[in-house]
Amino acid sequence: MLGLDGRAFWEGDPEEVRAQRGAPWPWFEPVLGVLGEVTVVRSRSASAPGRFARKTLGTGPTVLDERRVGVLDLWGEDGGHLRLVEGLTDSGDSRAPFRTLVETITSAAPGLRITARRVCRPEESRAAGEPGEAVVRSGWPTFEEHTRLCWLHLHGR
């Protein structure tokens with residue numbers, strides 16, 4: 001599901017996304033669960049390449065914030081796909097953490113195969129942008145590739 005700006009809604013600002021109401025659960029029998037954590041890094045790009053700045057601040061980007069977001073992709077036999085994202089998936093009980101929700105789903109579906117948790121970090125690259133500009137990088141592209149490969153591996157396609 002894409003937001004109005006064309007980005008996947010789970011990549012947006014969590015506070016803005018929480019204010020929106022999600023779609024109801026599209027029920028299907030899941031056969032594969034791909035479990036992971038996606039790292040989102042917010043940084044400030046390197047400052048101007050002046051001699052003083054290079055000596056005192058260094059030449060690389062400055063990390064402002066780093067967080068991990070839990071995710072569980074559920075795949076149905078027919079290729080149906082449902083993504084549960086920590087902090088964005090409403091479990092009906094505001095006190096239930098994401099881990100409890102994942103455990104409940106996995107125990108309710110006896111034939112469900114769950115992959116080992118995969119931590120997906122952003123690719124190591126220089127933060128692009130104007131000097132001093134805030135830049136956000138995430139491991140979402142890596143997780144997207146991982147979950148699709150797990151699905152293809154299960155079905156031998």
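This report walks through the fold, the confidence, the charged pairs and the cysteines of a predicted model.

A few ground rules. Numbering starts from 1 along each chain as its sequence is written, and side-chain values use heavy atoms, with hydrogens and water left out. Since this is a predicted model, local features need pLDDT of at least 70 and side-chain atom pairs count only at pLDDT 80 or more, while totals for chains, interfaces and linings use all residues.

**Overall layout**

The protein chain has four helices and six strands; these are DSSP runs, numbered from the N terminus, with helices being H or I of at least four residues and strands E of at least two. Read from the N terminus, the order is α-β-α-β-β-α-β-β-β-α. Of the 157 residues, 32% count as buried. Here buried means under 20% relative accessible area, exposed means over 50%, and partly exposed sits in between (1.4 Å probe, protein chains only).

About 10400 Å² of the protein chain is exposed, and carbon and sulfur atoms supply 52% of that area. Accessible areas come from the Shrake-Rupley method with a 1.4 Å probe, and for residues only the protein chains shown count as cover. As for contacts (heavy atoms within 4.5 Å), take those with a separation of 6 or more: residues 24 or more positions apart account for 72% of them.

**How far to trust it**

The predictor's confidence in each residue, pLDDT, runs from 0 to 100. Its average over the protein chain is 76, and 62% of the residues score at least 70. Among the elements, β5 has the highest mean at 95, while helix α1 (residues 14-19) has the lowest at 54. Over residues 1-6 the pLDDT is below 50, and this stretch has seven contacts in the model beyond near neighbours in sequence. Where pLDDT is low, the predicted coordinates should not be read in detail.

**Charged pairs**

Side chains of opposite charge can pair when their charged atoms come close. The structure holds five salt bridges, a salt bridge being a side-chain nitrogen of Lys or Arg within 4 Å of a carboxyl oxygen of Asp or Glu. Some of them are listed here.

| Pair | Closest N to O |
|---|---|
| E66 and R121 | 3.0 Å |
| R83 and D73 | 2.7 Å |
| E144 and R148 | 3.3 Å |

Let's start with E66 and R121, which meet in a salt bridge. E66 lies in strand β2 (residues 62-76) and R121 in the loop between β5 (118-120) and β6 (134-138), so this pair ties together parts that are 55 residues apart in sequence. E66 is partly exposed at 43% relative accessible area, and R121 is partly exposed at 37%.

What about the salt bridge between R83 and D73? R83 belongs to strand β3 (residues 81-85) and D73 to strand β2, so parts ten residues apart in sequence are tied together. D73 is buried, with a relative accessible area of 0%, and R83 is buried as well, at 12%.

Then there's E144 with R148, a salt bridge inside helix α4 (residues 140-155). The two are four residues apart, so about one helical turn separates them. E144 counts as buried at 17% relative accessibility, whereas R148 is partly exposed at 47%. Salt bridges that share partners join D73, R83, E144 and R148 into one network. Within that group, the side chains of E144 and R83 also make a polar contact at 2.5 Å. A polar contact is a pair of N or O atoms within 3.5 Å; within protein, one must be able to donate a hydrogen and the other to accept it, and residues adjacent in sequence count only if both atoms are side-chain atoms.

**R113 and its neighbours**

R113 sits in strand β4 (residues 113-114) and counts as exposed at 51% relative accessibility. Which residues does R113 touch, not counting those up to four places away in sequence? They are V31, L32, G33 and L154. V31 is 82 residues from R113 along the chain, yet their C-alpha atoms are separated by 6.1 Å.

**Cysteines**

A disulfide is a covalent bond between the sulfur atoms of two cysteines; the cut-off used here is a pair of cysteine sulfur atoms within 2.5 Å. A search of the whole structure finds zero disulfides. For C120, the nearest cysteine sulfur is that of C150, 9.5 Å away. Why is C150 in no bond with C120? Because the 9.5 Å between their sulfurs is too far. C120 counts as buried at 0% relative accessibility, and C150 is buried at 16%.
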